[in-house]
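Me: I would like to go through this chain with you, moving from the overall fold to a single residue. Please reason briefly before each answer.

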Amino acid sequence: MLRALFLIAGLGLLIYLVLALGAGEILGLLARIGWGFVPITALYAVHQGLRARALSLCVTRPGAVRVIDAFAIRLSGEAIQFLTSTGPFLAEPAKALLLGRRGVAMSEGFAATIAEYLGYTIVSAVMLAGAMAYLLARVDLGRALGDTAVVLLVVSVVFLVVAAVAIARRIYLIGGVLAWLGRLPVVGRRLRLEAPAVRRTEDALLGILRERPGRFARILLVETLAHAVLVVELWAILWLSGVTAAFDRALVLESAGKFTGLAFFFIPGQVGASEGVNAVLFPTLGLAAAAGVGVALARRVRSVLTAGAGLTALAFLTRRTKL
């Protein structure tokens with residue numbers, strides 16, 4: 001019921017934005033893309049392929065997971081994340097379980113998925129911090145948006161510092177957080193912790209992040225390329241829809257919206273949330289709010305296609321493993 005209410009609220013916001021900003025203008029933008037959805041979807045497939053490569057690099061044993069299998073696992077996780085209100089909190093464990101079905105030890109599978117997600121998030125935090133710093137320095141955001149930009153900048157920097165310290169000093173941060181959650185009255189009764197398994201996972205994770213810095217650097221490089229593809233995709237959507245925007249604007253817009261997926265994970269597919277964030281961000285750089293909503297809807301089309309492919313991949317993976 002709660003998930004349904006969040007979805008209804010998101011749909012209500014989406015409908016309001018479309019009507020308030022002009023349904024004709026937004027639909028016209030999507031119509032101008034036309035067959036351009038084919039290269040847009042192809043770009044998103046490249047993005048997923050790069051993240052699959054990063055995931056395969058995160059597996060401790062070289063060559064233990066083929067990139068094609070990692071790609072299928074990534075698509076499966078994307079389908080789960082897009083179609084549920086759990087965000088990465090269900091999608092990432094699902095990827096770890098699927099890695100286990102490929103012969104990877106459970107602790108290594110969870111370590112690999114956490115490492116890939118952490119690498120992606122580290123690059124996201126750098127981009128978000130850079131975008132907020134740019135907007136604060138170059139754009140008159142007003143008080144409300146300015147305060148929000150400061151909060152996002154501070155949160156991004158704090159996250160990066162905490163991650164760097166935890167890796168450098170070999171701090172078992174996940175185990176500490178889970179132990180703290182286990183002491184909470186309500187959560188503790190539901191949370192089932194196996195301390196040795198958590199420690200094995202963190203040992204494997206720190207082995208990826210700390211013991212082999214060269215490999216972790218390659219993972220960060222691949223994740224950076226994956227983010228770069230999303231910037232190109234955003235610029236391509238704007239160009240195909242007839243909106244003139246310099247490439248650096250696409251970079252700032254893509255970077256500034258990095259918080260959306262995690263902040264609004266409880267809304268299935270972030271329906272309404274992505275459109276609302278874009279409707280606020282786009283005018284800060286001189287673009288129409290309607291263009292921001294149109295871009296979010298265009299990306300929703302390719303996400304639906306990806307989710308369909310992900311469900312197919314999930315069926316394929318589970319059939320092969322006799323689930």
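Reply: A residue counts as buried when its relative accessible area is under 20%. The model is a predicted one, and with that cut-off buried residues make up 47% of the 323 residues in the chain.

Me: How many helices and how many strands does the chain have?
Reply: The secondary structure here consists of runs assigned by DSSP. Counted in this way, the chain has zero strands, and its helices number 15.

Me: What is the radius of gyration of the chain, and what does the globule rule give for 323 residues?
Reply: The C-alpha atoms fill a box of roughly 55 × 45 × 45 Å along the principal axes. The chain is as compact as a globular protein of that length, because its radius of gyration of 20 Å is close to the value that the globule rule gives for 323 residues, 20 Å.

Me: Is Ser255 buried or exposed?
Reply: Ser255 is found in helix 12, which spans residues 247-256. Its relative accessible area is 4%, and since the cut-off for burial is under 20%, Ser255 is buried.

Me: Which residue offers the backbone oxygen that the side chain of Ser255 reaches?
Reply: A polar contact requires a pair of N or O atoms within 3.5 Å. The side chain of Ser255 reaches a backbone oxygen at 2.8 Å, and that oxygen belongs to Leu251.

Me: Which residues does Ser255 touch, not counting those up to four places away in sequence?
Reply: Contact here means heavy atoms within 4.5 Å. With residues up to four places away in sequence not counted, Ser255 touches Met127, Leu128 and Ala131.

Note on methods. Residues numbered from 1 in each chain as written. Predicted model: local features only at pLDDT ≥ 70, side-chain atom pairs only at ≥ 80, totals over all residues. Heavy atoms only, no water. Helix = DSSP H or I, 4+ residues; strand = E, 2+ residues; numbered from the N terminus. Buried < 20%, exposed > 50% of the residue type's maximum accessible area, 1.4 Å probe, protein only. Polar contact = N/O pair within 3.5 Å; in protein donor to acceptor, adjacent residues only side chain to side chain. Rg over C-alpha atoms; globule rule 2.2 N^0.38 Å.
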